[in-house]
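Biologist: I'm new to this one and don't want the whole tour. Could you pick one sheet, go over it slowly, and then show me what else is worth setting beside it?

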Amino acid sequence: MSAHDTKSPIDPRRAAHALASVPNVGRPVAHESADAHVTGAALYTDDLALRSKNALACWPVCAPHAHAWLDHLDVTPALSVPGVVRVLTAKDVPGTNDTGPSRLDEPLFPRAAEGEGADPRPEILFHAMPVAWVIGESEEAAKLGAAAVIARYTPRPPVLAITDAIASKSFHLEGMKIRRGEPEHALERAPHRLEGSFEMGGQEHFYLEAHASFVYVDEAGSIFVHCSTQHPTETQDVVARVLGVAKNEVVVQQLRMGGGFGGKETQANPFACVAAIAAVLTKRRVRVRLDRMRDMQLSGKRHPFHAAWKAGFDETGKLLALDVQLTSDGGHSLDLSLPVLGRALFHIDNAYYLPNVEVRGRVARTNKISNTAFRGFGGPQGMHVIEEVMDRIARTLGLRPEVVRTLNLYRKGQTTHYEQEVVHAERLERAFSELRASSAFEQRRAEIDAFNATSPHTKRGLALTPVKFGISFTAKYYNQAGSLVLVYKDGSVQVSHGGTEMGQGLFTKIRAIAADGLGVPTSAVRVMPTRTDKVPNTSATAASAGTDLNGAAVKNACDTIRARLAELAASVLSKPGSDCTADELVFRDGLVVSSKDASRVITFAELVDRAYHERIQLSANGFYKTPDIHYDPVAGRGRPFYYYAFGAAVAEVEVDGFTGMYTTRRVDLLHDVGDSISPMIDIGQIEGAFAQGAGWLTQEELVWDRDGMLRTSNASTYKLPSLGECPPIFNTTLLREARADGVVHGSKAVGEPPFMLAFAVREALKDAVASFGAPGGVVDLASPATAEAVYWSIESRRARG
């Protein structure tokens with residue numbers, strides 16, 4: 001007799017309740033690991049290593065020059081240090097000495113340049129580049145061993161600034177361009193013209209968990225890599241390359257990350273490779289965990305950019321022509337600089353229609369750590385340019401900046417400069433209109449004008465800015481995802497997918513999608529750690545597409561299993577002379593109920609048990625690929641994005657004229673997330689992104705000295721936004737009636753787009769600075785707009801009279 005033959009009847013009220021219950025998708029629930037986060041129960045990569053007895057530790061020997069020849073390296077003294085097991089150098093790499101994700105230009109250890117007549121000495125490419133890694137029984141032993149290594153160098157002149165790279169023509173690549181219309185002729189004919197140039201700084205990711213990897217080799221020689229990485233498949237690829245083995249000999253698992261923000265998309269790979277080489281050579285378990293200073297010295301940042309621009313416009317503030325030359329600081333290698341630059345070019349418009357435009361891009365080669373992905377992935381840098389232009393147009397004409405911004409917003413039916421239609425462009429105007437009303441913008445504008453007129457040394461500013469951000473990987477092949485869903489005989493479910501959890505709530509959304517897909521409570525669903533032997537060939541959790549891709553793949557697998565079970569349920573629930581069809585069945589709250597007759601009901605667990613005995617498959621692979629996306633980089637035309645996310649922000653600031661110090665008094669955000677899968681998670685992402693964006697634009701300043709050493713390499717010297725910088729009034733609202741057709745459950749991405757809402761803070765600062773000195777004229781304000789930068793901007797205004 002089977003277990004399902006002894007089940008008790010189901011209370012009809014329970015069946016009726018299931019039919020009327022609200023789906024898991026759309027419920028405001030806490031992060032699935034919230035309790036573990038706040039109690040300390042959540043484990044991270046290095047926690048796993050510390051639980052393993054006798055794991056070896058690694059520590060780097062770092063070069064003290066940004067550019068040099070490595071003349072001599074003697075590791076023998078380190079081997080005499082108690083507890084040192086081995087020292088890794090370039091000669092210990094069994095495969096390829098390179099961890100570059102896009103081209104082989106990122107040596108794991110210094111190597112000589114190639115080509116006829118090249119110097120045979122290994123080349124140091126950036127300050128703190130590891131020349132060796134010491135392996136010790138403890139981290140302390142490895143550190144002492146690293147201090148004992150003898151290295152001699154011949155310093156060479158470094159290229160550190162973007163402007164120096166431009167002057168010396170030091171580029172990784174040059175020639176990316178998007179063009180529409182006749183910008184030269186439109187500039188000549190424009191009633192008004194402006195031009196300028198400025199730089200915008202980079203940004204440290206400052207995830208709470210520094211880079212960490214933990215590697216061991218099993219009895220069959222397979223390499224198991226625990227790694228804090230956003231891209232387990234790429235880590236698998238690179239580790240296999242460096243070890244010189246097939247990819248099927250390497251398994252990468254990612255349990256959770258303590259933050260990523262793009263900084264662990266490629267940057268985790270070198271540290272995983274060091275741990276893997278050490279594990280293979282020592283036949284011991286090996287961990288690599290960087291402290292904060294080493295993490296900041298050895299991992300890439302947001303790309304700094306230099307922008308030179310020309311704009312033509314009419315007397316109303318309508319933009320007629322734009323010409324922009326963008327140059328990003330790629331650092332010593334290319335890494336992801338090419339797609340970062342591409343997204344900057346795509347987003348040079350932000351939310352504004354550009355009838356005649358040419359934007360060109362190039363990547364500078366400097367002797368710094370290789371810059372990499374960061375939330376927004378070049379989009380913020382491109383948007384920074386157009387927001388600067390809009391403000392300067394307005395102040396040149398004596399108009400309010402919000403008037404010029406509203407005038408230039410995309411309208412229904414208009415296309416971007418790469419000729420993709422901005423579907424639902426009317427949501428931009430709606431967001432502006434709704435936010436003006438909810439934030440009492442006009443009333444506050446009048447109040448601020450009155451305050452500024454009577455306050456000579458303290459001024460307030462107000463700004464309204466929009467966001468339009470494209471969602472999809474611009475590399476088409478990354479827009480795919482797989483999943484594996486397993487249903488067990490008791491009705492419990494395991495879900496594996498290619499996405500990684502870094503605190504953003506992806507697993508919370510996946511759990512809700514799977515629960516609704518199978519009609520079970522979320523307590524019945526367990527989302528498993530991401531592993532390359534469960535779901536292969538995955539894409540990075542990046543581009544804000546984690547839920548779009550992996551959520552759709554999980555739904556696809558659940559739909560397959562549900563369809564199999566529905567056929568069986570229809571058979572079980574049919575009565576003589578009254579058939580039940582699969583189409584009328586509702587899977588919800590652990591029950592399968594007929595929508596036509598609630599007395600026809602069976603528990604999901606009982607149905608699954610029956611399916612097992614009927615030999616019906618209870619597992620499925622899911623797959624999803626984003627449809628209808630394409631782009632021709634030669635023509636600069638196509639549809640690189642599946643959809644756009646929209647938003648708007650109002651910020652109010654108060655600035656002290658004596659010091660440049662300022663406070664953010666109030667922020668109002670209105671953002672488009674489609675039909676939210678998890679509203680609480682989405683609001684948290686919006687507010688967190690905004691704070692991080694405000695940090696980039698106003699506080700976070702990376703400083704290198706003349707020798708290329710990063711001077712802001714710790715929390716004591718690098719100023720992060722904190723609770724003290726949050727406005728006392730902080731209103732966040734989700735845009736209503738904004739469903740995204742064709743996306744899983746009608747939702748939209750939320751990771752990156754809200755980051756650009758922070759432009760409202762920078763523009764509000766400019767609005768406040770404009771009130772110092774004589775009325776009229778543009779405001780020059782450095783980026784980031786630190787208190788010092790604001791002070792000098794005020795002084796510049798006052799100097800005009």
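Modeller: Here comes a walk through one sheet, with a hairpin and a second sheet afterwards. A quick word first: this is a predicted model, where local features need pLDDT of at least 70, side-chain atom pairs count only at pLDDT 80 or more, and totals for chains, interfaces and linings use all residues. Residues are numbered from 1 along each chain as its sequence is written, and side-chain values use heavy atoms, leaving out hydrogens and water.

To get your bearings, the chain has 21 helices and 29 strands (DSSP runs numbered from the N terminus, helices being H or I of at least four residues and strands E of at least two). Its C-alpha trace stretches over about 95 × 75 × 50 Å along the principal axes.

Now for the sheet itself. Going across, you meet β7, β15, β14, β13 and β8 in that order, making an open sheet of five strands with mixed pairing (strands pair if DSSP finds at least two bridges between them). The two ends of that row are β7, residues 171-180, and β8, residues 192-200; each has a single partner strand, so one side of each is left without a neighbour in the sheet. From one strand to the next, the twist averages 10° (angles run from 0 to 180 degrees between N-to-C directions, with axes fitted to C-alpha atoms, for helices over the stretch in contact).

Let's zoom in on the β7 end. The partner there is β15, residues 357-364, and the two pair in the antiparallel sense over eight bridges. If you want a spot to click on, try Lys 177, which faces Arg 360 in β15 across the pairing.

Helices come into the picture too. One of them, α11 (residues 337-346), lies across β7, β13 (305-313), β14 (319-329) and β15, and runs at about 25° to β7. Another, α12 (residues 379-397), packs on the sheet and touches β8, β13 and β14, with its direction making about 140° with that of β8. Contact here is heavy atoms within 4.5 Å.

Next, the hairpin. It is built from β9 and β10 with five residues between them, and in the turn Gly 221 has a positive phi of about 90°. Five bridges hold β9 (212-217) and β10 (223-227) as an antiparallel pair, and you'll find Val 217 opposite Ile 223. β9 also has β12 (residues 286-289) as an antiparallel partner, joined by four bridges. In that pairing, Ser 213 stands opposite Val 288.

Last, the second sheet. Four strands make an open sheet in the order β16-β27-β28-β29, again with mixed pairing. At its edges are β16 (458-471) and β29 (729-734), each pairing on one side only. Neighbouring strands here are turned by 15° against each other on average, direction ignored. The join between β16 and β27 (residues 643-656) has 14 bridges and is antiparallel; look for Ala 463 opposite Ala 651. This sheet has a helix packed on it as well: α15 (residues 441-454) touches β16, β27 and β28 (662-671), and its direction makes about 145° with that of β16.
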